Amino acid sequence: MRDAVDHGPEAQGDDARYAAELLERLSHSKFRASFSLGVADRAYAWSKGMPVVARHARELLRARVGAARPLKDGKQTPYRGHPVFVAQHATATCCRSCIARWHGIPAGVPLSDRQIERLATLVTAWIQRDLDAHPRPATGTAPLPSRSRTRGSGRGRAGASVQPTLF
């Protein structure tokens, strides 16, 4: 990956092209293509707006995978809890080995601001694509579930039947 210094419109267009090309490549990976935002993550992204989610993407990428040797590399990105976390797994920006394999940025070297920006553009594009594929519910419909879940919340394994409440 080139490490350009320019952050102007040309660089943004280059990032958008990179994101589109990589999203196409990632769509052929059974694992990467299996990710989708949950209802709560979509609601969060809609309520905060894409500029805030994009800022979160830059901040989380810098904090979690930006170092040359991140703490707990390979285990530092949760699979849920924020739309950016899900998108990091879907876009192979979850750890330095995935970044090296899919993005050609070697591990053992800190990510530059330019690289963080390019990866954040990819993460944000993936989130926007997921939001576009799952339109926002009309207002006045049933409320969206809360983000916090406790054990026994009624969600069992996929395909498992849930016992009705009798009393």
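## Overall picture

Of the 167 residues in this chain, 41% are buried. The model you are looking at is predicted, so keep that in mind as we walk through it.

The chain holds seven helices and zero strands, and reading along the sequence gives the pattern α-α-α-α-α-α-α. Among contacts with a separation of 6 or more, 71% join residues 24 or more positions apart. As for the outside, the accessible surface of the chain is about 10400 Å², and carbon and sulfur atoms own 55% of that area.

## Helix H5, enclosed

Let's start with H5, which spans residues 83–90. Eight of its eight residues are buried, so the helix is largely enclosed by the rest of the structure. Buried here means under 20% relative accessible area. The residues in question are Pro83, Val84, Phe85, Val86, Ala87, Gln88, His89 and Ala90. Just after H5 comes Ala92, with a positive phi of about 60 degrees.

## Where H4 meets H5

One of the neighbours of H5 is H4, and their contact is worth a visit. The axes of H4 and H5 come within 10 Å and cross at roughly 65 degrees, and the crossing is right-handed.

On the H4 side, the residues involved are Val53, His56, Ala57, Leu60, Leu61, Arg64 and Val65; on the H5 side, they are Val84, Phe85 and Gln88. Sorted by character, the residues of this contact are seven nonpolar, two polar and one charged.

## The largest nonpolar core

In soluble globular proteins, nonpolar side chains tend to be buried together. In this model, the largest nonpolar core has 36 residues. The members that touch the most others are Leu61, Val84, Leu111, Val123, Trp126, Ile127 and Leu131. Helices H1 (9–26), H3 (39–48), H4 (50–65), H5, H6 (96–103) and H7 (113–133) each supply at least two residues of the core. H7 gives the most, with eight residues.

Two names return from the helix contact: Leu61 in H4 and Val84 in H5 take part in the meeting of those helices, and both are on the list of core residues that touch the most other members.

## A look at Leu131

Leu131 is also on that list. Which residues does Leu131 touch, not counting those up to four places away in sequence? They are Leu37, Arg42, Ala45, Trp46 and Met50. Of these, Arg42 counts as charged, while Leu37, Ala45, Trp46 and Met50 count as nonpolar.

Note on methods. Residues are numbered from 1 along each chain as its sequence is written. This is a predicted model: local features need pLDDT of at least 70, side-chain atom pairs count only at pLDDT 80 or more; totals for chains, interfaces and linings use all residues. Side-chain values use heavy atoms; hydrogens and water are left out. Buried means under 20% relative accessible area, exposed over 50%, partly exposed in between (1.4 Å probe, protein chains only). Helices (H or I, at least four residues) and strands (E, at least two) are DSSP runs, numbered from the N terminus. A nonpolar core is a set of buried Ala, Val, Leu, Ile, Met, Phe, Trp, Tyr and Cys residues joined through side-chain atoms within 4.5 Å. Contact means heavy atoms within 4.5 Å. Accessible areas come from the Shrake-Rupley method with a 1.4 Å probe; for residues, only the protein chains shown count as cover. Axes are lines fitted to C-alpha atoms, for helices over the stretch in contact, and angles run from 0 to 180 degrees between N-to-C directions. A crossing is left-handed if the near helix is turned anticlockwise from the far one by less than a right angle, and right-handed if clockwise.
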